[in-house]
Structure formats: C-alpha cells, structure tokens
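Let's take a walk through this protein model together. Have the sequence and the 3D view open, and follow along piece by piece.

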Amino acid sequence: AHGVSGVQITDAGWAPVLGFQKQDERAKSDYNIAMTTRTLAAHPEIRTIALVIDWDREAQQFHYVDGRGRDVGRAQAISDGLAALIDKYPDRRFFLFAPTPQAPDFGGHPAARALLYHRAFAPAQSRANFEAEQVAPVRAITARLAALPNVTIEDPTPYLCDTNSCPGIA
C-alpha cells in the first residue's frame with residue numbers, strides 16, 4: 001500500500017519452505033507457511049520480500065519431512081521449499097540474506113558472566129571458521145536460489161568481517 005514501508009512475517013529466522021515441515025513442529029510449519037502464502041496472496045501490492053533466515057538452525061540443525069511424512073535432507077528441503085515459494089510469486093522480488101556470523105560464545109549467559117566478573121564481552125570468531133562452519137554448508141542452497149531471476153542474495157560478510165575475524169552477532 002502507498003505509504004507503507006513493508007510487512008514483516010517472521011518466526012525467529014524461520015524459513016518458509018513450501019511442501020516441507022519441520023519434523024518436530026509440523027503444525028507450526030503448516031501455520032507459518034499458510035500465513036505466509038495467505039498474506040502474499042491477499043496483498044499483491046507487496047512487490048519485494050526480504051527473507052532473513054537463521055541458516056545455522058534451518059539448514060544445519062532441524063529435520064524436515066515432506067508432505068507424506070518422509071524424512072528429507074535439510075539442504076534439499078530448504079532449497080526446494082524456498083524455490084517453490086519464489087516460483088509461486090514470479091512477479092515479486094525476493095532478497096535473501098546470506099549467513100551472518102554467530103560466535104559460539106554469543107548469548108545471554110556468556111554476557112551475564114562477563115558483566116558479573118567485570119570482563120569485556122566481545123564475542124568473535126575467525127573468518128575462516130565462519131566461512132567453513134556457517135557459509136559453506138549453505139553455499140549450494142544460496143547459489144541455486146541466486147540463479148532464479150527474481151532473487152538477490154545479499155551477503156553481509158564484507159560489511160561485518162575483516163580479513164581475519166568476524167564479530168559474533170546473531
């Protein structure tokens with residue numbers, strides 16, 4: 001709508017993977033996918049969709065099943081499911097953000113301990129570790145999606161990391 005900057009549909013970095021469900025969260029997966037597709041169908045004025053995905057969790061930790069309840073590989077579910085969403089709306093533009101650094105010592109507990117003991121808290125990791133553990137596992141997925149004509153993959157790494165290290169943001 002004119003004057004509206006956007007609509008956010010989110011569930012903590014959840015990926016709207018059409019045709020697949022998280023194995024332990026089937027009802028939630030169905031709800032989130034229905035919410036996403038209903039919102040996009042009801043609002044054709046939404047021309048640009050930005051997907052901020054927690055790649056580490058979605059593509060490396062969760063288990064997915066297809067419509068028949070069969071176990072599906074994570075990479076296949078994410079790649080095929082996101083491609084299905086994007087193909088469903090060929091007249092819309094999709095921006096996906098590549099993985100962002102997530103240092104292992106990032107979080108509330110390490111921050112609280114640092115505060116308690118008057119220590120600095122600046123979680124970071126090496127850029128090589130970030131590339132190997134968080135970027136490489138999803139490179140094939142983002143490359144496939146980037147090849148679609150209405151998709152742009154935004155890589156925040158050059159803005160967040162120097163040549164040797166990355167801050168531990170989440």
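Is glutamate 154 buried, partly exposed or exposed? Keep in mind that we're looking at a predicted model. Glutamate 154 has a relative accessibility of 33%, so it counts as partly exposed. You'll find glutamate 154 in strand 7, which covers residues 151-154. Setting aside residues up to four places away in sequence, glutamate 154 touches Phe95, Leu96, Phe97 and Ala98. Now look for alanine 50: it sits 104 residues from glutamate 154 along the chain, but their C-alpha atoms are separated by 9.9 Å.

Next up is glutamine 134, which belongs to helix 5 (residues 127-135). Its relative accessible area is 8%, and because the cut-off for buried is under 20%, glutamine 134 counts as buried. What does glutamine 134 touch, leaving aside neighbours within four places in sequence? Its contacts are Gln60, Pro99, Thr100, Pro101, Gln102, Gln125 and Asn129.

Here are those two residues side by side:

| Residue | Element | Relative accessibility | Class |
|---|---|---|---|
| Glutamate 154 | Strand 7 (residues 151-154) | 33% | partly exposed |
| Glutamine 134 | Helix 5 (residues 127-135) | 8% | buried |

Now for a pair of helices. Helix 3 (residues 74-88) and helix 6 (residues 139-146) have axes that come within 10 Å and cross at roughly 20 degrees. Angles under 35 degrees count as roughly parallel, so that's the label for helix 3 and helix 6. Their crossing is right-handed. Which residues make the contact? Helix 3 brings Ala75, Ile78, Ser79, Asp80, Leu82, Ala83 and Ile86, while helix 6 brings Ile141, Arg144 and Leu145. Sort the residues in this contact by class and you get 7 nonpolar, 1 polar and 2 charged.

Last stop: a sheet. In what order do its 3 strands run? The order is 1-3-4, in an open sheet with antiparallel pairing. Strand 1 (20-22) and strand 4 (71-72) are at the edges with a single partner strand each, so each has one side without a neighbour in the sheet. Strand 3 (residues 64-66) pairs with strand 4 over 2 bridges, in the antiparallel sense. To spot this pairing, find tyrosine 64, which stands opposite valine 72 of strand 4. Helix 1 (residues 26-42) packs on this sheet, where it touches strand 1 and strand 3. The direction of helix 1 makes about 130 degrees with that of strand 1.

How values were computed:
Residues numbered from 1 in each chain as written. Predicted model: local features only at pLDDT ≥ 70, side-chain atom pairs only at ≥ 80, totals over all residues. Heavy atoms only, no water. Axes fitted to C-alpha atoms, helices over the stretch in contact; angles between N-to-C directions. Helix = DSSP H or I, 4+ residues; strand = E, 2+ residues; numbered from the N terminus. Parallel < 35°, antiparallel > 145°, perpendicular 65-115°, else oblique. Left-handed = near helix turned anticlockwise from the far one by under 90°. Contact = heavy atoms within 4.5 Å. Nonpolar A, V, L, I, M, F, W, Y, C, P; charged D, E, K, R; others polar. Pairing = 2+ DSSP bridges. Buried < 20%, exposed > 50% of the residue type's maximum accessible area, 1.4 Å probe, protein only.
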